[in-house]
Amino acid sequence: MTYHAGIIGTGGIAGMGILGMHDEEAIGREKIDASHAGGYAATDDIELVAVADVDESKLDTFGEAWDIPADRRYVGHEAMLEAEDLDAVSVCTPSFLHRDHVVDAARSVADPSVIWCEKPIASSVSDAEEMVAVCEGTDTELVINHSFRFTDKLRRLRDLVRDEGILGDVKSVSAQYRMELMRNSTHVLDTLVYLLDARASRVSGHITGENEALDALDATESVVDAGGGGHVVMDDGTFVTVDCTIPRDISSMTLSFIGTEGKLYMNNDDGEWRYWSLEDGEHVERPLPGIEGAWTWESDYKGSFANAAAHVQDLLDGTAENYSPGVAATRSLEIIVGFYLSHYTDSTVDIPLPGPLREVPITSW
């Protein structure tokens, strides 16, 4: 059986390339395999049949690159959702539009069984919670593209940390990644949530106000998203330090975990994962069981879109449980929102956020 997919938003992550990750000469001109469209193309049973965008020029460029017929290139997502019968819908628009596009898709006559939405899940916690609730009410799987979850190495590491307990009880984590918080930090925070299976309980944050993406993208609209970080106490007692203030050219995505039975160092930019087992009071370096080498952008990230699309296919087949549900993605978002609220109120913020604070938007691309 062949499933039919549609994409809302025809920008970089949909299939046309992202500045800083792909060849600048190819961006916006050629199809990029590390994308939603590329993921669908790599599956056996999902066909990308329709796309939608409010920018007709970008819509046609995307359509030509990915061989979408002119009559299935829709100006505006509503037109596509009214005209098509879709099994899966990708939402590849800026995060402040995710709520509308996911909710509209879930409630539409297109009736998708799976919505594969870009990260971060939304710009406010209330939007994220509504997206989750609507998808639950329409029996739609909401998959958030925190792409590290769709790599074999991180999934194996999760089993080692959570199921096999190689670190024992994790007591402390330090994390560093490039600015900005919404655009980039969501990856490192989702990795934290994924490996610990924990939720923040208290947050103290700092915001720099710097956003290098706006300059790099020559953006004409301003967004709130900026560099920052802070301290987080998780509901399992783990103390976490987060630093996402560093520009892209000098940054490395690193996480260090200290537990009662061992410690772990992850550097995804330099491709270095190291593990030490605590034995008779001494840390002894050991290989990570079942993991060869370290996670790298070249070998793992680029394949994550094909893996995610294959997971979408498995969900459509009814043979898998959602690796990256909206509930989990909301946990990383509420930490980021907590950083902003803490900074601007000069206070520590408790999670879950009270009602009005759930509605505070942090806009990003």
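**Exercise 1. Where is the place of Asp280 in the chain?**

Before we start, a word on the model: it is predicted, local features need pLDDT of at least 70, side-chain atom pairs count only at pLDDT 80 or more, and totals for chains, interfaces and linings use all residues. Residues are numbered from 1 along each chain as its sequence is written, and side-chain values use heavy atoms, leaving out hydrogens and water.

Solution.
- Step 1: Look between strand 13 (272-279) and strand 14; Asp280 sits in that loop. Helices (H or I, at least four residues) and strands (E, at least two) are DSSP runs, numbered from the N terminus.
- Step 2: Check the backbone: Asp280 has phi near 55°, a positive value in a residue other than glycine.
- Step 3: Check the surface: Asp280 counts as exposed because its relative accessibility is 84%. Buried means under 20% relative accessible area, exposed over 50%, and partly exposed in between (1.4 Å probe, protein chains only).

**Exercise 2. Find the loop that holds Asp67, and decide whether Asp67 is buried or exposed.**

Solution.
- Step 1: Asp67 belongs to the loop between helix 3 (56-65) and strand 3 (73-75).
- Step 2: Its phi is near 60°, again positive in a residue other than glycine.
- Step 3: With a relative accessible area of 63%, Asp67 is exposed.

**Exercise 3. Which residue forms a salt bridge with Glu130, and which parts does the pair tie together?**

Solution.
- Step 1: Apply the rule: a side-chain nitrogen of Lys or Arg must lie within 4 Å of a carboxyl oxygen of Asp or Glu.
- Step 2: Arg99 fits, as the closest N and O atoms of Glu130 and Arg99 are 2.7 Å apart.
- Step 3: Glu130 lies in helix 6 (residues 125-137) and Arg99 in helix 5 (residues 98-107), so this bridge ties together parts 31 residues apart in sequence.
- Step 4: Glu130 is partly exposed, at 26% relative accessibility.

**Exercise 4. Describe further salt bridges of this structure, which holds 19.**

Solution.
- Step 1: Take Arg156 and Glu164, whose closest N and O atoms are 3.0 Å apart. Arg156 is partly exposed at 24% relative accessibility, and Glu164 is partly exposed at 48%.
- Step 2: Take Arg274 and Glu272, which meet at 3.9 Å, N to O. Arg274 has 30% relative accessibility and is partly exposed; Glu272, with 32%, is partly exposed too.
- Step 3: Look for a network: salt bridges link Asp60, Glu64 and Arg73.

**Exercise 5. Locate two cis peptide bonds, starting from Glu180 and Pro352.**

Solution.
- Step 1: Met179 and Glu180 are joined by a cis peptide bond with omega of about 15°. Glu180 is in the loop between strand 7 (170-178) and helix 8 (181-196).
- Step 2: From Ile351 to Pro352 the peptide bond is cis, with omega near 5°. Pro352 is in the loop between strand 15 (349-350) and helix 12 (355-358).

**Exercise 6. How does the radius of gyration of the chain fit that of a compact globule?**

Solution.
- Step 1: The globule rule is 2.2 Å times the number of residues to the power 0.38, and the radius is taken over C-alpha atoms.
- Step 2: For 365 residues a compact globule would have a value near 21 Å, and the chain has 20 Å, which agrees.
- Step 3: Add the span: the C-alpha trace covers about 65 × 45 × 45 Å along its principal axes.
- Step 4: Add the make-up: the chain has 12 helices and 15 strands, and 54% of its 365 residues are buried.
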